[in-house]
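Biologist: Before we begin, please place the model in view. I should like to discuss its pockets, its cavity and one helix packing.

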Amino acid sequence: MSVRRLEGISGFNIDRVAAAAGNDPDVLRLENLDTDIPPPAEALEATRAAIGEDEANSWLPFTGRDDLKEAAAAHIERRGGPHYDGRREIVITSGEGEAMLDALLCLTDPGDEVILTDPTYAGMINRVRLAGAVPRLVPLYVVDGWWRLDLDALRAAVSERTRVIFINNASFPSGWVASREEWETITEVVTSRDLRLLYWADYEGVLFDGRSVIHPAALPGMRDRTVTIGDLLERRMIAWRIAWVVVPGDLVNDLSRVHIYNGLVASGFAQIGARVALSLPDEDLLAANAELERRRDETLRQLDGLPVIRPAGGWSLLLDVAALGLDCVEVSDRLLDQRVAATPTRGWGGEIADRHVRFVFSNEPVERLTILGERVRAALAASG
């Protein structure tokens, strides 16, 4: 018998697809947010060296190393964000999932409402539920081939129980990147309705087609209303499991207390590697983004003529299979028959998410992506 907090919380679908794909090297692995583009060499070297250090094998400090906090604060400021006191306003956590739950436990009470986009990452929606809050979804829709946020629906979604707007940007699974107009409207809603913005900046720097970072905490009135979660995903350091939460003012005391009992301490040697990664110049990220953009463009070429939405950033894109009269789970199963692993996004939002299958283009080189179109069309043509 399940406890009530687990009602409505379904699985990811990713693990089911990955298990079905197995270890067959002929399968195109587009189901999971992995990448074969290696992390920065300097971060690898620093992590290896730190494994042998006594201070890197400790329970202390509980809320993270000061040098990593300061590096995270400097990273945000270089991106155009506001100045933060790293030692006093940042907590280091064991990855982004722990950071999200820590933040939600400090920003909401049971029954409070949190606004998210439809679609969005299932891990965001379901951590809202785990915290005892209620997700309220605002649709993304397509304008001139790009995802856009329904701003009228955003305003209408706010009720007297709303406490937080929870956004990640670049967003996955969709690849939506908020425009300045969208950020300005989010700012207007947050400031006029006395809300908080919970901003997950995981792929903030993974932008395509010449876009630039817009940090929402730098907008008028937003520094002290924005809780920012950052991590190492854009540096491809998935397994380090390091994230940071920027918590302005006295709220950091609450988040530190939650973190101590939810996570206690992040890996010391991984923190040292993370600090080095955050201190690197942008060349590493720009080179990785150029390769990711090549893979995005090849995926779009392979799916040309199908109802696929062009991502403005991130590592994945969506195919609207409902527009073809098909079900997302059924299409995912058909794709596996054609040796393509791709995840249905049922449960990653509401009716918008339910229309789509996600393709992660970060983990296959362009040379292998050239066979994607043939396999996808064979799957779509197969009888149900």
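Biologist: In this predicted model, which residues lie nearest the centre of the second largest pocket?

Modeller: The second largest pocket holds about 240 Å³ of space. Its lining is made up of 15 residues. Those nearest the centre are Asn-32, Leu-33, Glu-96, Tyr-121 and Phe-172.

Biologist: How many residues of that lining are nonpolar?

Modeller: The lining of the second largest pocket includes one polar residue and four charged ones. The remaining class, nonpolar, numbers 10.

Biologist: Which element gives the largest share of the lining of the largest pocket?

Modeller: The largest pocket, with about 290 Å³ of space, is lined by 14 residues, and Arg-79, Gly-205, Asp-282, Leu-285 and Leu-286 lie nearest its centre. Two elements give two or more residues to this lining, α3 (66-78) and α11 (283-302). The largest share, three residues, comes from α11.

Biologist: How many charged residues does the lining of the largest pocket have?

Modeller: By class, four residues of this lining are nonpolar and five are polar. The number of charged residues is five.

Biologist: Turning to enclosed space, how much lies in the largest cavity?

Modeller: Across the whole structure, the search finds one cavity of 30 Å³ or more. Its lining includes His-75, Arg-79, Glu-204, Asp-231 and Trp-244. The space in this cavity is about 80 Å³.

Biologist: Which element gives the most to the lining of the largest cavity?

Modeller: This lining has three nonpolar, four polar and four charged residues. Both α3 and β8 (226-231) supply at least two residues of it. With three residues, the element that gives the most is β8.

Biologist: Is helix α12 parallel, perpendicular or oblique to helix α14?

Modeller: Helix α12 (residues 328-337) and helix α14 (residues 372-381) pack with their axes 8 Å apart, at an angle of about 125°. Because that angle lies outside the range of 65 to 115 degrees for roughly perpendicular and is not over 145, α12 is classed relative to α14 as oblique.

Biologist: Is the crossing of α12 and α14 left-handed or right-handed, and which residues of α14 take part in the contact?

Modeller: The crossing of α12 past α14 is right-handed. By class, the contact has five nonpolar residues, one charged residue and no polar ones. From α12 come Val-331, Arg-334 and Leu-335, and they meet, in α14, Val-376, Ala-379 and Leu-380.

How values were computed. Residues numbered from 1 in each chain as written. Predicted model: local features only at pLDDT ≥ 70, side-chain atom pairs only at ≥ 80, totals over all residues. Heavy atoms only, no water. 1 Å grid on protein atoms, 1.4 Å probe; cavity = no way out; pocket = protein on both sides within 12 Å on 5 of 7 lines; lining within 4 Å. Points joined across faces, edges and corners; volume = space filled by probe spheres on them. Helix = DSSP H or I, 4+ residues; strand = E, 2+ residues; numbered from the N terminus. Nonpolar A, V, L, I, M, F, W, Y, C, P; charged D, E, K, R; others polar. Axes fitted to C-alpha atoms, helices over the stretch in contact; angles between N-to-C directions. Parallel < 35°, antiparallel > 145°, perpendicular 65-115°, else oblique. Left-handed = near helix turned anticlockwise from the far one by under 90°. Contact = heavy atoms within 4.5 Å.
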